[in-house]
Amino acid sequence: MAAQAEATRFGWLTPDVLSIVAGALIAAVAPLDRLDYVARGLTASALADAAPSAQVLLVTASPEALREGLCERSLPGLLERGRARGALLIPPADAFCGGAASRAGAASATSAAGAAPVVRMPPELLRLSAGDVVGFFPLAAGERAPELGALGVSAAPWVLKKAPQSVPAVSLRDLADGQVPASALEGRVAVVAVGAGGVAPQAVATSALPPARGVAAVLGGLLDGGRRASAPAWVPALFVLLAGGLVWIARRRYGSLVATAALFLGVFALAAGQGVLAARAEASLIALPSALFGLAVAFAGVMIVRGLVVQRSVDRAAELIHRAALFRMQGVHTLPDEEFWPRVARLAEQAHPADLVLVAELPAGSWHLRFWNDRQGGGESLVAERRNDVRRPPYSSEQGVPAIRLSRRFLTKQDMPAVVVPLIAFGEIEGYVFFCGPVAEQTFSREPERAEHVGRELALLLRRKRLARTAHGGAGEARGGRSPEDDLVEGARVALDDLQLFGSLLRSAPVGLLYADAFGDVRFVAPEFAKWLRARDVTVPAESASAALPPGSLTLGDVLGATSASDAAVSLSSVMASDDGIELSVSAPEPAVLSVRPLRRESDGSSWIAGYVAALIPVQQAAPVSDNVRPLAVRDAADPLCAFQLGDVVADAVASAARATGRAVRLEPIRGATHALGHRGELGQVLEAFLTDVAGRGLPGHGPVVSVREAPQGVQLSILDVGFGLGLPESALQRVLTAPGSAPAGLEPLGRLILAVEDSHGHAELKTNDGWGITLTVTLLRAHPRAFVSANEGGKPAAQQNVIAIGRAGPK
């Protein structure tokens, strides 16, 4: 209870409130001391008073007049006749009026009444900012302190000075010759400085050498009450608290745009308030840069932290349940048959080229099919075979075994062939799919495995629907009806299913840009991906309020069709057949790689495609090679790029590694012809060295397992238990993939193997097998050997240079 009360007491200390407090503390501490000093000086200079000064008179003397001793002779008399307050000599004028200053000082020391003081200005007295005089440093205890005090010069960090044109200025020669009456000095401090001679009277002030003009302007402002100092530390802190609170309220009630406007309003108020305060109060100069920095910290905290605050679990659960009710991406058993079967037909049409696609449902406990078609709304009228008995041809062979076959008298159009594909999952027939037309016949004759892949995935989808609907119906009968609590549980179950699916998406996709459900319908597309599709004349509908596209508005087949070239077409079956997906290079509008891969789910020993994810990855242009980059060594001409049987090379390397280490190196049965393209000699050497290294390091009974097989991507070599042999995790081995030429100590054989694979235009990858070691997979280009023969003189075929022998070469 005490802990709960303590948490309630400090519940208002949210991250955004703490960021506002942190900004106020920054403004109070003022860490930007140098910038604050410059800002105060600029503020004091910007508020210069333009009223004429009655306290200061700038007296300029030309170098000629100073050399003639005019200042030495006439300055004391002029100060006495004009009843001046005193004179301040600005270097280098003090070198020519020093005698007068000495006598005046002696007179002031011996005479009771005293004469007007004449004081040299020490250079260390001036406080400068941005090259301009802004005030006076504190007076040090010494001989000049009382005299400077008599002239009104006192410690003032910043002064609202007089404008240069508002300080009266006369020439010393004009005063000495009587052209300007001596009464002009009455009650004023004469700032004596060196100036140019022979200038017009109105240009006398601007002719004075720096810093005389600045000293006269600052001294005039100081004597007229322009002394200014720093404001108390709580002033900027209070302002940041108020401005941060305004931004916080605007962010919570009206959004980010209004909060940003509130920030700009606070900055304007700070600048305007600084001007008003500095013009009226002495201790009013705020540490402006530090205050702005504190306000920026408060604004960033409110905007960023507030955006990252997670809503309460109850609200999040309600949102997920609502989204699940809208999407129903994986609840295939909840779809009515009128929607489910046409979507299955649409999926089959994307995966296999055909002029017409029919799907047939086999109801439980029945031998007669029910046909569906996406375009005509039903397929019964298109089928010439009326019995629809799956035990008879063309649904089964003459022996009653269901198998993929080509039928020419299945449809009412006798001239239209049909590829009959039974949908079999775990030995049970779930239905049929029929790919009709010459296009389907040509595709089946050229790529018969495509129909097999499509049939397997559709069968798993139908089985999942049947089992889920059976379980759902049985549970409903057991409950005897549905209650609101049952609907809540069902919604939570679907929401959890969607979360698992999108978790798989985030883990599998390099960049999550597009998602399509199990039927191939695109349900979410990112703005950049949609922009790319529109550039390729693909119609992309606008997103709904739930950020999802309606089913059927855009299909994955449309996306793949946008990448089709004139000489090769890409279909969904290529994605279905590969666990790792496919990668397609696109050049317009910018070079990029389109990566499409299926999202598979596993349950009860079966695996099915639950959706598809696609990523559009921009390709960076290669930068020009610098002069200090060492080029790769030229390959030895004795090992050219050629076609060879990878299985033979692997078998020799495994045998050599086993003999060298005395440990078992297992080789799985080689599947396929495994004709590959590469540098055979180099690959054989580095593979043998790598297997010897891994087998020698591995524990007894944990030797590497090697397999070679044909894959859609090419010829693949897989080596299991790499992690046990090298004793390193996948994260350490991934570094070798990035920089194989600079592999760490102990991993040089792996680096050389990767370099050899890349030299043969292949690629390598490492994959963790859920705690069962790490697998190194090498993929090489598949070679298609061709034999060309011609008759020699004896009538027998003669070998040509472009003939590649198939199989192991015999002894010469």
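Among contacts in the protein between residues at least 6 apart in sequence, 69% join residues at least 24 apart. The model analysed here is predicted. Its secondary structure comprises 26 helices and 29 strands, and 44% of the 812 residues of the protein count as buried.

One open sheet contains 5 strands in the order 3-2-8-1-7, and its pairing is parallel. The edge positions are held by strand 3 (118-120) and strand 7 (169-171), each of which has a single partner strand, so one side of each is left without a neighbour in the sheet. On average, and with direction ignored, neighbouring strands of this sheet are turned by 25° against each other. Within the sheet, strand 2 (residues 86-89) pairs with strand 8 (residues 189-194) in the parallel sense, over 4 bridges. Leucine 88 has valine 191 in strand 8 as its bridge partner. Two helices are described in relation to these strands. Helix 5 (residues 70-81) lies across strand 2, strand 3 and strand 8, and runs at about 145° to strand 2. Helix 10 (residues 212-223) also packs on the sheet, where it touches strand 1 (56-61), strand 2 and strand 8. The direction of helix 10 makes about 165° with that of strand 1.

A further open sheet consists of 3 strands in the order 6-9-10, with mixed pairing. Here strand 6 (158-159) and strand 10 (283-285) stand at the edges; each has a single partner strand, so one side of each is left without a neighbour in the sheet. Strand 6 and strand 9 (residues 227-230) run antiparallel and are joined by 2 bridges. Opposite valine 159 stands arginine 227, which belongs to strand 9. Helix 12 (residues 256-280) lies across strand 9 and strand 10, and its course is at about 145° to strand 10.

Leucine 460 is located in helix 17 (residues 448-479). The relative accessibility of leucine 460 is 14%, and the residue therefore counts as buried, the cut-off being under 20%. When residues up to four places away in sequence are not counted, leucine 460 touches Ala425, Phe426, Ser607 and Trp608. For one of these, serine 607, the separation from leucine 460 is 147 residues in sequence, while the C-alpha to C-alpha distance is 7.8 Å.

Helix 22 (residues 646-661) has 16 residues and, at 1.5 Å a residue, should span 22 Å; the end C-alpha atoms are 22 Å apart, which agrees with this expectation. Buried positions in helix 22 are Leu646, Gly647, Asp648, Val649, Val650, Ala653, Val654, Ser656 and Ala657. Glycine 662 follows helix 22 and has a positive phi, near 75°.

Helix 22 packs with helix 23 (residues 680-697) at an angle of about 35°, and the axes of the two helices are 8 Å apart. The crossing of helix 22 and helix 23 is right-handed. On the side of helix 22, the contact involves Asp648, Val649, Val650, Ala653, Val654, Ser656, Ala657, Ala660 and Thr661. These meet Arg680, Gly684, Leu687, Glu688, Leu691, Thr692, Ala695 and Gly696 in helix 23. By residue class, the contact of helix 22 with helix 23 divides into 9 nonpolar, 5 polar and 3 charged residues. Among the helix 22 residues in this contact, Val650, Ala653 and Ala657 are also buried. In general, an α-helix has 3.6 residues a turn, so residues three or four places apart point the same way.

Notes
Residues numbered from 1 in each chain as written. Predicted model: local features only at pLDDT ≥ 70, side-chain atom pairs only at ≥ 80, totals over all residues. Heavy atoms only, no water. Expected span 1.5 Å × (residues − 1). Buried < 20%, exposed > 50% of the residue type's maximum accessible area, 1.4 Å probe, protein only. Axes fitted to C-alpha atoms, helices over the stretch in contact; angles between N-to-C directions. Left-handed = near helix turned anticlockwise from the far one by under 90°. Contact = heavy atoms within 4.5 Å. Nonpolar A, V, L, I, M, F, W, Y, C, P; charged D, E, K, R; others polar. Pairing = 2+ DSSP bridges.
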